[in-house]
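Here are some notes to read alongside the model. Take them in any order you like, with the structure open next to you.

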Amino acid sequence: MGNREQVEQRVIVALDVPDEQAAIALIDQLPQVVWWKVGLELFTSIGPKILEVLKSRQKRIFLDLKFDDIPNTVAGACRSAATYGVDLLTIHATAGRDALKAATEAAQEGAAKAGVQPPKLIAITLLTSISARQLAFDLKIPLELPEYALEMALLAQESGLDGVVCSPQEAAQLRQTCGNDFLLVCPGVRPTWADKGDQKRSLTPAQAIIAGADYLVIGRPITTATEPELAWKRISEELTTVT
């Protein structure tokens, strides 16, 4: 896959910690990490202050708040979030076509008003903690899981979004169908030496890149490791072997 620097541009580390002190400690412990994901836990805890912390260190930001509401509310949230100048922003595909289109327009408006680059808006196809059995029996979706993920991705693409969040197991099919200009961001990435936790549809980092992922989101294998720097280094080295 090339040199270490290229590899490090494609791994997003999940800043899944409860407070500012823990976040800053982790960011400063891993200075070579370019991309950080800010999710619901940390953003609910300290709000946009964490984005300022990251920007002051010239980091790229994946604001993963997974908006899912009526079109008017989703549009307002995306308009506000876009003013922060983040790089990636998420919305659930299940919010529907009207909400996805409204979100796309609102993100452009918010960024323009703030004088910043608009975020890439990406849709959640299906949470990586959901198994095929849960999709069928709990959510009562009468489609096979790969087909459902594909339908959600096509809905996002038709609605003008920049890409989707998908499990690495669906990445190859989505890449083939949606083309090379559609971003695929893959959580549920677990090195062979890491615990899978609550991820039901995972692949290793190398397998995910080969399948077509643009970005890998990796949290606990790095952040809860005894030595996070060593875990990051192992993942980077594994990825440099991918051609």
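1. A word on labels before anything else: helices and strands here are DSSP runs, at least four residues for a helix and at least two for a strand, numbered from the N terminus. With that in hand, Asp64 can be placed in strand S3, which covers residues 60-67. Do keep in mind that this is a predicted model.

2. Why start with Asp64? UniProt, in an unreviewed entry, lists Asp64 together with Lys66 and Asp69 under "active site". That label comes from the record, and such annotations may be inferred rather than shown by experiment.

3. Is Asp64 buried or exposed? Its relative accessibility is 5%, so Asp64 counts as buried. Leaving aside residues up to four places away in sequence, Asp64 touches Lys37, Val38, Gly39, Leu40, Thr90 and Ile124.

4. Now look at Asp69, another of the positions on the UniProt list. Asp69 sits in the loop between S3 and H5. With a relative accessible area of 41%, Asp69 is partly exposed, whereas Asp64 is buried. The contacts of Asp69, again not counting residues up to four places away in sequence, are Val74, Ala95 and Ala99.

5. The third listed position, Lys66, leads us to His92. You'll find His92 in strand S4, residues 88-92. His92 and Lys66 are 26 residues apart in sequence, and their C-alpha atoms are 5.7 Å apart in space. His92 has 15% relative accessibility and therefore counts as buried. Beyond residues up to four places away in sequence, His92 touches Lys66, Phe67, Asp68, Leu100, Ile124 and Leu127. Ile124 turns up here as a contact of His92, and it is also on the list for Asp64.

6. Next, the helix pairs. Helix H5 (residues 71-82) packs with helix H6 (residues 97-114) at an angle of about 30 degrees, and their axes are 7 Å apart. How should we describe that arrangement, parallel or antiparallel? Angles under 35 degrees count as roughly parallel, and H5 and H6 are therefore roughly parallel to each other. Their crossing is right-handed.

7. Who meets whom in that pair? From H5 come Pro71, Val74, Ala75, Cys78, Arg79 and Ala82, and on the H6 side they meet Asp98, Ala99, Ala102, Ala103, Ala106, Ala107, Glu109, Gly110 and Ala111. The residues of this contact divide into 11 nonpolar, 1 polar and 3 charged. Two names should look familiar from point 4, since Val74 and Ala99 are among the residues that Asp69 touches.

8. Helix H2 (residues 20-29) and H4 also pack together, at an angle of about 20 degrees and with their axes 11 Å apart. That makes H2 roughly parallel to H4, and the crossing of these helices is right-handed. Glu20, Ala23, Ile24 and Ile27 in H2 meet Lys49, Ile50, Val53 and Leu54 in H4. By class, the contact of H2 with H4 has 6 nonpolar, no polar and 2 charged residues.

9. Further along the chain, look at helix H8 (residues 145-158) and helix H9 (residues 168-178), whose axes come within 10 Å and cross at roughly 40 degrees. That makes H8 oblique to H9. The crossing of H8 and H9 is right-handed. Leu145, Pro146, Ala149, Leu150, Ala153, Leu154 and Gln157 of H8 make the contact with Glu170, Gln173, Leu174, Thr177 and Cys178 of H9. That contact of H8 with H9 has 8 nonpolar, 3 polar and 1 charged residues.

10. A backbone point to check. Most residues other than glycine have a negative phi. Gln58, however, has a positive phi, near 55 degrees. Gln58 is in the loop between helix H4 (49-56) and S3, and with a relative accessible area of 65% it is exposed. Lys140 has a positive phi too, of about 60 degrees, although it is not a glycine. Lys140 lies in the loop between helix H7 (132-137) and H8, and its relative accessible area of 60% makes it exposed.

11. Last, a pair that is easy to miss when reading along the sequence. Gln6 and Thr240 are 234 residues apart along the chain, yet their C-alpha atoms are separated by 8.7 Å. Gln6 is in helix H1, residues 4-8, and at 44% relative accessibility it counts as partly exposed.

Conventions
Residues numbered from 1 in each chain as written. Predicted model: local features only at pLDDT ≥ 70, side-chain atom pairs only at ≥ 80, totals over all residues. Heavy atoms only, no water. Axes fitted to C-alpha atoms, helices over the stretch in contact; angles between N-to-C directions. Parallel < 35°, antiparallel > 145°, perpendicular 65-115°, else oblique. Left-handed = near helix turned anticlockwise from the far one by under 90°. Contact = heavy atoms within 4.5 Å. Nonpolar A, V, L, I, M, F, W, Y, C, P; charged D, E, K, R; others polar. Buried < 20%, exposed > 50% of the residue type's maximum accessible area, 1.4 Å probe, protein only.
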